[in-house]
Amino acid sequence: MLNMKENDIKETIEKYSNMIFRICIMYLRNNLDAEDAYQEIFIKIMEKSPLFANENHQKAWIITVTTNHCKNILKKRTYYKTITYDENINIPINDKEDKEILSIIFTLPLNYRNVIYLYYYEGYSTKEIAKILHKRESTVRTWLKRARESLKILIGGVFDE
Amino acid sequence: MNKIYNAFSSIKASDELKEKTYQKIMENNNVIKTKKMKVFYVSLVLTSIIICIFLYNYSDSFENFTPNNDHTMTTKSETDVIMYNNNKYVLDNNIIIDMDMLDKKLDIIITQDNMMESYNSNSSIISIYSIKNIDEAKQIAVLKNNMILVYKIDI
């Protein structure tokens, strides 16, 4: 396989584990599916692992691989009509408030929550998000605006721009 | 916004999952290595088999091949032996005779000179003579291209 040595593999897993797992949860909204996807994505990343100009480049590439993989899983779900997640959204979080906020975020359309995550958590600009998701910047800005509006209504006072 | 950030922060991959993933990657790594080795050895074996088959099929050609010699050998073997009257006669280079020694004409044979010439439909006519005072069942003379060759019976 691999372009990576054992230490590099461990380091990559440690560095990007949480990010990949979050994106998987965001897309699939189910812990079990997210864990499966997480493993498959890591195997894919280790197999391909091209050379990167810098760490940001690598991170953006990993986000793109992860989102594409999750999109494929969702496509398969639609094709085989096997919707595995339940309405309560199965996420392994103990804090009640965090779980509540995430449950609200997860009610948003996929593109909105994706943009919210990349913008507010990963700290990407709308331009960078557009590049990662292969969308136009104006589209990303619209999604972000609508997502904010929806969150304002759903979370109310909790959400502060 | 902080609440959202904190909420996202609370999603974490467990150590168990990380370890499981690491093991799976290493397993996959080994599987790919084994596959690569298999492909290498299978192709090596196949190549060897192909070379063996090739050598087996063409070994005869290689054995007979000596530069500028195979053509000569064919010609020699063809001209060294003559069939006449159901008997096989072989060339006897030790005896040289001239025209006076020829007795009577026994037969005329049309022969292909050699393989190459046969493609061009080239043939030669040889005349078989008995030799004076010699039993034709033992020796005969062959007149070919104005040359007299003596053949003796091959027992």
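Biologist: Let's start with a definition: buried area is the accessible area, taken with a 1.4 Å probe, that two parts lose on being put together, summed over both. How much do chain B and chain A bury between them?

Modeller: Happy to help, and please keep in mind that this is a predicted model. The size of an interface is often given as the accessible area lost when the parts come together. Carbon and sulfur atoms carry 69% of the area buried by chain B and chain A. The total for the two chains is about 3,000 Å².

Biologist: How many residues does chain A bring to that contact?

Modeller: The contact is made by residues of both chains, and chain B supplies 24 of them. From chain A it takes 37 residues.

Biologist: Which side chains meet in a salt bridge?

Modeller: Between chain B and chain A the count is one salt bridge. Its N to O distance is 3.1 Å, which lies within the 4 Å cut-off and therefore qualifies. The two partners are Lys18(B) and Glu14(A).

Biologist: Which element gives the most to the side of chain B that touches chain A?

Modeller: Across this interface, seven residue pairs are in polar contact, both residues being at pLDDT 80 or more. On chain B's side, the elements that give two or more residues are α1 (2-9) and α2 (15-64). With 12 residues, the one that gives the most is α2(B).

Biologist: How many nonpolar residues are on the side of chain B that touches chain A?

Modeller: That side divides into three classes, with six polar residues and six charged ones. The nonpolar class comes to 12.

Biologist: Turning to chain A, how many helices does its secondary structure have?

Modeller: Chain A has 161 residues, of which 48% count as buried. Among its contacts with a separation of 6 or more, 66% come from residues 24 or more positions apart. The secondary structure has zero strands, and the number of helices is seven.

Biologist: Within what arc do the buried residues of α6(A) fall?

Modeller: Helix α6 of chain A covers residues 126-133, and its buried residues are Thr126(A), Ile129(A), Ala130(A), Ile132(A) and Leu133(A). Viewed down the helix axis, they line one face of α6(A), because they fall within an arc of 165°.

Biologist: Is Lys127(A) buried or exposed?

Modeller: Lys127(A) belongs to helix α6 of chain A, and with Lys131(A) it sits on the other side from the buried residues. Its C-alpha atom is 5.5 Å from that of Glu137(A), although the two are 10 residues apart along the chain. Its relative accessibility is 60%, over the 50% cut-off, so Lys127(A) counts as exposed.

Biologist: Which residue follows α6(A) with a positive phi?

Modeller: Most residues other than glycine have a negative phi. Here phi is near 55° in a residue other than glycine, found in the loop between α6 and α7 (137-155) of chain A. The residue is exposed, with a relative accessible area of 60%, and its name is His134(A).

Biologist: And what is the relative accessible area of Arg29(A)?

Modeller: Arg29(A) lies in the loop between α1 (6-28) and α2 (31-48) of chain A. Its phi is also positive, near 55°. Arg29(A) counts as buried because its relative accessible area is under 20%, at a value of 15%.

Notes:
Residues numbered from 1 in each chain as written. Chains lettered and ligands numbered in written order. Predicted model: local features only at pLDDT ≥ 70, side-chain atom pairs only at ≥ 80, totals over all residues. Heavy atoms only, no water. Buried < 20%, exposed > 50% of the residue type's maximum accessible area, 1.4 Å probe, protein only. Helix = DSSP H or I, 4+ residues; strand = E, 2+ residues; numbered from the N terminus. Arc of directions from axis to C-beta. Contact = heavy atoms within 4.5 Å. Polar contact = N/O pair within 3.5 Å; in protein donor to acceptor, adjacent residues only side chain to side chain. Nonpolar A, V, L, I, M, F, W, Y, C, P; charged D, E, K, R; others polar.
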